[in-house]
Amino acid sequence: MKFFNNPYDDYTPDGLQETKTKVSQCINLKWQSTLEKLLTLDYNDYSVYTGTAGIALLKLNKEPDDIKTIKETIKLLSLNKLKGRRPTFLCGDAGPLAIGIVLKHKLGNHDEVKQLILKLTNLNKDVLDLYSDLANEYMYGRVGYLYAILYVNKYVCPPPFDDNYISQIIETILVVGRNMSKAGRFKCPLMYEWHDSYYLGGAHGLAGILYLLLQARVYLTEDDLNNLIKPTIDYLLTQRFPSGNFPSSLGRDADKYVQWCHGCPGFVPLLTTAYKIFQDTRYLHSALECGDIIWQRGLLKKGYSLCHGVSGNAYSFLELYQTTKEEKHLYRALKFAEWCIEYKKEHEENYPDRPKSLYEGIAGPMYFLLDIQKPLEAKFPGYTL
């Protein structure tokens, strides 16, 4: 069994208030202890996922407009060391570049902003090449580059990347998906492969790709939405296990992953977004079922990280709370926050390879604890725009 039995009673109004008070009283102390552990970092890894750029995002979440914080966090991006490798936000140079563009823009360093925009643009060779061997998934593929572009456009005014450029990226992703589906005779309009498997989840599969495309829906046509994306989401719903959880990839018959990268947690934001766009209650119903599974099986023995741990799972409850405004989901998020605050070594079977990082280590749970103080504004870092 990959999870601990959930020891908490489910939602009551009194329980919500009690847990909210308990968590809020602990966050400042947790912030200070986390900062102390982050005093020494590996500056050879500057990625968002496991490196210093992820720590930059954490510090910006605490003080997004503080000039001193901005200047300090720019140093964490190692912008002078970037070699033009991997065009993705989480695991490549696109992440530090995108964050750097936003921060330099806040400081009014317009010449440096232009230079960084050019560097980010120059990562696009494989992204726009239909025949390159670049994957399409979120962590290492085209969709990870799309996120970086959308992130910059969201926080820089006027947006530096024009509609035509973004549409080119999206069209490439859609064409590859259509071709792969046709070649494999899949019963859905879009399909993508990564490492010889057809992954379905948030990090490497269809759920993550479709979610990013829906976040860029202003660049999609009605035909894209109704004849490509919606039928593919409907196909995903047919792949669920009897429990309601999703397999990590097609053909996998082991119902064992309930974490952001594989399983229900990576599907919740896709399903809630699809519900808001298409007004199809099946998507909301499925998202709520996912929430129940995460509540039952989401206190993972892998730890409390964002990618494959408790804090990443807890964002599913915040997504459901934002969608439904039902306090039950906020309560569940707070109980998972309580677990993270009271975390003990016996709650973890495998020590993370990068214990200080945003996606695998202590920075991720701290980011979540900051976010839970403003639950209606919370966004899964590097995934939700």
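In which hand does helix 12 pass helix 14 at their crossing? I began my notebook with this question, keeping in mind that I am looking at a predicted model.

**Entry on two helices.** I looked up the pair and found that helix 12 passes helix 14 in a left-handed crossing. For the contact itself I listed Leu288, Gly291, Asp292, Ile294 and Trp295 on the side of helix 12, and Lys328, His329, Tyr331, Arg332, Lys335 and Phe336 on the side of helix 14. Sorting the residues of this contact by character, I noted five nonpolar, two polar and four charged. I then turned to the geometry, where the axes of helix 12 (residues 281–297) and helix 14 (residues 327–341) come within 11 Å and cross at roughly 30°. Angles under 35 degrees count as roughly parallel, and therefore I wrote down helix 12 and helix 14 as roughly parallel to each other.

**Entry on the core.** Next I looked up the largest nonpolar core, which has 136 residues, and recorded that Phe89, Leu90, Ile99, Leu120, Ile233, Trp260 and Tyr359 touch the most other members. I followed Leu90 further and, not counting residues up to four places away in sequence, found that it touches Ser47, Val48, Tyr49, Tyr138, Met139, Trp260, Tyr359 and Gly382.

**Entry on a serine.** Is Ser248 buried or exposed? I located Ser248 in the loop between helix 10 (222–237) and helix 11 (264–278). Its relative accessibility is 5%, and buried means under 20%, so I entered Ser248 as buried. Leaving aside neighbours within four places in sequence, I found Ser248 in contact with Tyr199, Leu200, Gly201, Tyr257 and His262.

Conventions
Residues are numbered from 1 along each chain as its sequence is written. This is a predicted model: local features need pLDDT of at least 70, side-chain atom pairs count only at pLDDT 80 or more; totals for chains, interfaces and linings use all residues. Side-chain values use heavy atoms; hydrogens and water are left out. Helices (H or I, at least four residues) and strands (E, at least two) are DSSP runs, numbered from the N terminus. Buried means under 20% relative accessible area, exposed over 50%, partly exposed in between (1.4 Å probe, protein chains only). Contact means heavy atoms within 4.5 Å. Axes are lines fitted to C-alpha atoms, for helices over the stretch in contact, and angles run from 0 to 180 degrees between N-to-C directions. Angles under 35 degrees count as roughly parallel, over 145 as roughly antiparallel, 65 to 115 as roughly perpendicular and the rest as oblique. A crossing is left-handed if the near helix is turned anticlockwise from the far one by less than a right angle, and right-handed if clockwise. Ala, Val, Leu, Ile, Met, Phe, Trp, Tyr, Cys and Pro count as nonpolar, Asp, Glu, Lys and Arg as charged, and the others, Gly among them, as polar. A nonpolar core is a set of buried Ala, Val, Leu, Ile, Met, Phe, Trp, Tyr and Cys residues joined through side-chain atoms within 4.5 Å.
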